[in-house]
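Here is a walk through one protein model, written to be read with the viewer open. Take a moment to turn the fold around before going on.

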Amino acid sequence: MAWFWLSVSIIAEVLATLALKASGGFTKHGFTFLAVIGYMFALLGLSKVIQVLPVATTYAIWSGAGLALISIASYYVFGQQLHLKEILGITLILSGIIVIRIVN
């Protein structure tokens, strides 16, 4: 169940971050509300996971997967560019997450 909650937490964090960008500095209230609710779900899921998995492992996967997914989502949603250095960095992060998942 911990891995389910970690997945929910990552997805909520990514959606909240997209909403935060779309909120225009909290000037668009609908997106601001979505960002706040998304971060609440992200932290709720994260709090459930750290009851079972080590904090370091949980946070490494949560932050790494969130960073990789938000970078990819920002490319498609907002047209932000990903250069070779960013793609290489995301690949290394995802590789690290796979290694952590295999070990645990």
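Not counting residues up to four places away in sequence, which residues does Ile-61 touch? Ile-61 touches Trp-3, Leu-6, Ile-10, Gly-66, Ile-97 and Ile-100, once residues up to four places away are set aside. Keep in mind that this is a predicted model.

**The overall fold**

Let's step back to the whole chain. The secondary structure comes to four helices and zero strands, so the pattern along the sequence reads α-α-α-α. The C-alpha trace spans about 45 × 35 × 15 Å along its principal axes. Of the 104 residues in the protein chain, 33% are buried. Among contacts with a separation of 6 or more, 65% link residues that are 24 or more positions apart. As for the outside, the accessible surface comes to about 6,600 Å², and carbon and sulfur atoms account for 74% of that surface.

**The core**

Now back to the inside. The largest nonpolar core has 16 residues, and the members that touch the most other members are Leu-6, Ile-10, Val-14, Leu-18, Ile-61 and Trp-62. Helix H1 (2-22), helix H2 (29-49) and H3 each supply at least two residues of this core. The largest share, six residues, comes from H1. As a general point, nonpolar side chains tend to be buried together in soluble globular proteins. Ile-61 ties in nicely here, since two of the residues it touches, Leu-6 and Ile-10, are also on the list of core members with the most core neighbours.

**Where H1 meets H2**

Ser-9 is a good place to look next. This residue is found in helix H1. Is Ser-9 buried or exposed? With a relative accessible area of 0%, Ser-9 is buried, because buried means under 20%. Leaving aside neighbours within four places in sequence, Ser-9 is in contact with Ala-42, Gly-45, Leu-46 and Trp-62. The side chain of Ser-9 also has a polar atom 2.6 Å from the backbone oxygen of Ala-42.

Gly-45 sits across from it, in helix H2, and is buried too, with a relative accessible area of 0%. The C-alpha atoms of Gly-45 and Ser-9 are separated by 4.8 Å, although the two residues are 36 residues apart along the chain. With neighbours within four places left out, Gly-45 is in contact with Trp-5 and Ser-9.

Further along helix H2 you'll find Lys-48. Lys-48 is partly exposed, with a relative accessible area of 33%. Its C-alpha lies 8.3 Å from that of Leu-6, with the two positions 42 residues apart in sequence terms.

Here are the two C-alpha pairs just mentioned, plus one that comes up again below.

| Pair | Apart in sequence | C-alpha to C-alpha |
|---|---|---|
| Gly-45 and Ser-9 | 36 residues | 4.8 Å |
| Lys-48 and Leu-6 | 42 residues | 8.3 Å |
| Ile-93 and Ala-60 | 33 residues | 9.4 Å |

**Along H3 and over to H4**

Thr-58 is found in helix H3 (residues 55-78). At a relative accessible area of 1%, Thr-58 is buried. Apart from neighbours within four places in sequence, Thr-58 is in contact with Leu-6, Leu-46, Val-49, Ile-50 and Leu-53.

Helix H3 also holds Val-77. Why does Val-77 count as exposed? Its relative accessibility is 52%, and exposed means over 50%, so Val-77 falls in that class. Val-77 also belongs to a nonpolar surface patch of about 500 Å², made by Ile-72, Tyr-75, Tyr-76, Val-77 and Phe-78.

Helix H4 (residues 84-103) contains Ile-93, which counts as partly exposed at 28% relative accessibility. Setting aside neighbours within four places in sequence, Ile-93 is in contact with Gly-64 and Leu-67. The C-alpha atoms of Ile-93 and Ala-60 are 9.4 Å apart in space.

**A backbone oddity**

One last stop is the loop between H1 and H2, where Phe-26 is found. Most residues other than glycine have a negative phi. Phe-26, although not a glycine, has a positive phi of about 65 degrees.

Conventions
Residues are numbered from 1 along each chain as its sequence is written. This is a predicted model: local features need pLDDT of at least 70, side-chain atom pairs count only at pLDDT 80 or more; totals for chains, interfaces and linings use all residues. Side-chain values use heavy atoms; hydrogens and water are left out. Buried means under 20% relative accessible area, exposed over 50%, partly exposed in between (1.4 Å probe, protein chains only). Contact means heavy atoms within 4.5 Å. A nonpolar core is a set of buried Ala, Val, Leu, Ile, Met, Phe, Trp, Tyr and Cys residues joined through side-chain atoms within 4.5 Å. Patches are made of residues with over 30% relative accessible area and no salt bridge: like charges are joined within 9 Å, nonpolar side chains (Val, Leu, Ile, Met, Phe, Trp, Tyr) within 5 Å. Accessible areas come from the Shrake-Rupley method with a 1.4 Å probe; for residues, only the protein chains shown count as cover. A salt bridge is a side-chain nitrogen of Lys or Arg within 4 Å of a carboxyl oxygen of Asp or Glu. A polar contact is a pair of N or O atoms within 3.5 Å; within protein, one must be able to donate a hydrogen and the other to accept it, and residues adjacent in sequence count only if both atoms are side-chain atoms.
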